[in-house]
Amino acid sequence: MTVAVHPLASPWGRFHLYSFFIDAPEPAIVDTGIASSPGEGMAPALEALGRRIEDVRWILLTHGHIDHIGGAHALWELTGRRAKVVIHEADAPMLRSRAAHVDEYASGRGRYLTDPEGATKVAGAGRVAISGEMEPAVLVRGGEALSLGGDVTVSVHHVPGHTPGSVAYVIDGQDDVFVGDAVQVHGAANGFPGFADPVAYRASLTKLRDGIRPRHLYLGHPYRTTDGTPYGVELDADQARAALDESLAIEARVSVAAHDCLCAGLHESDSPYSPFAPVADAVGYTGDPTLEPSPFFTSMHGYRTHLDLTS
Ligand SMILES: [Zn+2]
């Protein structure tokens, strides 16, 4: 049987983040937006489709970022606590604890952002945007198959890079692939791709393009092409391949610039991109690198960490 997929949009500040409803015998929602998204966005959207939020049986989280897990507890409550919440074990701390989001900030991008209130702001966002701390029902590592009733199964693939525990969910047989933020292209609102581990990111993009080969690719945010045209969040096979090729090409350019900069030695300056100003110059990045979630500094710290580990 073919199952239908419906995007559910959740606005949050400068962002639109997207969840997806999988209309299986045991219905699933991929990613949950922020605390208000299930009640204010998903419930009426499902009602318009003739479906009820209390019937959702699976909450499939692509990764642990706040805009993807924030609504998980609220959605779980709306299902009468019957839906099973699924997340990769490496990102599960982000679901269990708001404090984990502050730790992630402080150990990565927060080392370069000079705002003295930065960690306090991340903690504040966590209080507002995360509906509750919770233990997932199912911890995955990649390689699992989840039964959504009837003959509908979803397989889980580990695609780390954007975060350590990023996964892709694939509706078996129809090759509909949900990747959250694992495919960044140019990045979403900030205009720069964000990945904690650049080497894993590259390997995951290659695995998606050459191994998983999506017939449809569903993204967590609408990304843009070089000329600023939005991709949308539902890509067909040709668009998916183009987005994966472009993501790989962009990472390759950023990688060269980052390695040049790191090998020359980091120098502080009054540039907002400091100490990675040469990278912004080399790739022509003119966005504001301080806007949360600051993918520029997340990715730069990723290259730096990788070089430290390999040198
Ligand atoms: Zn993310």
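## Exercises on a predicted model

The buried residues of helix α7 are P198, A200, Y201, S204, L205, L208 and I212, and the model in which they are found is a predicted one.

**Exercise 1.** Work out how the buried residues of α7 are placed around the helix axis, and identify the elements against which they pack.

*Solution.* Begin with the buried set itself, which includes A200, Y201, S204, L205 and L208. These buried residues cover an arc of only 160 degrees around the axis, which puts them on the same side of α7. The general geometry of the helix helps to read such a pattern: an α-helix has 3.6 residues a turn, so residues three or four places apart point the same way. The next step is to look outward from the buried residues of α7, which pack against the strands β8, β9 and β10 (176-180) and against the helices α8 (237-264) and α10 (295-310).

**Exercise 2.** Compare the span of α7 with the expected value, and describe what is found at the start of the helix and just after it.

*Solution.* Helix α7 comprises the 15 residues 198-212, which at 1.5 Å a residue should span 21 Å; the C-alpha atoms at its ends are 20 Å apart, which agrees. At the start of α7, D197 places a side-chain oxygen within 3.0 Å of the backbone nitrogen of V199. Just after the helix, R213 adopts a positive phi of about 45 degrees.

**Exercise 3.** Carry out the analysis for helix α1 (residues 37-48), considering its span, its buried residues and its exposed residues.

*Solution.* The twelve residues of α1 reach 16 Å from the first C-alpha to the last, close to the 16 Å expected at 1.5 Å a residue. Within this helix, S37, P38, M42 and L46 are buried. They cover an arc of only 70 degrees around the axis, which puts them on the same side of α1. The other side of α1 carries the exposed residues E40, E47 and A48. The partners of the buried residues of α1 are β1 (5-12), β2 (15-22), β3 (28-30) and α3 (72-78). After α1 comes G50, which has a positive phi, near 80 degrees.

**Exercise 4.** Determine which residues coordinate the zinc ion, and explain why the arrangement of the four donor atoms is irregular.

*Solution.* The zinc ion is coordinated, at 2.2 Å, by NE2 of H63, ND1 of H65, NE2 of H162 and OD of D181. The angles that these four donor atoms subtend run from 89 to 167 degrees, which makes the arrangement irregular. Along the chain, the donors follow the spacing H-x1-H-x96-H-x18-D. H63 lies in the loop between β4 (58-60) and α2, whereas H162 lies in the loop between β8 (153-158) and β9 (167-171), so the pair ties together parts that are 99 residues apart in sequence. H63 and H162 are both buried.

**Exercise 5.** Decide whether H68 is buried or exposed, and trace the polar contacts of the H68 side chain with D181 and H221.

*Solution.* H68 belongs to helix α2 (residues 66-69), and with a relative accessibility of 1% H68 counts as buried. The side chain of H68 is joined to that of D181 by a polar contact of 3.0 Å, and D181 is one of the residues that coordinate the zinc ion. A polar contact of 3.4 Å links the side chain of H68 with the side chain of H221. Beyond the residues up to four places away in sequence, H68 touches, among others, D31, T32, G33, G180 and G220.

Conventions: Residues numbered from 1 in each chain as written. Heavy atoms only, no water. Helix = DSSP H or I, 4+ residues; strand = E, 2+ residues; numbered from the N terminus. Buried < 20%, exposed > 50% of the residue type's maximum accessible area, 1.4 Å probe, protein only. Polar contact = N/O pair within 3.5 Å; in protein donor to acceptor, adjacent residues only side chain to side chain. Contact = heavy atoms within 4.5 Å. Donors = N, O, S within 2.8 Å, 3.2 Å for Na, K, Ca; no water. Tetrahedral: all angles 85-135°; square planar, octahedral: opposite > 155°, others 65-115°. Expected span 1.5 Å × (residues − 1). Arc of directions from axis to C-beta.
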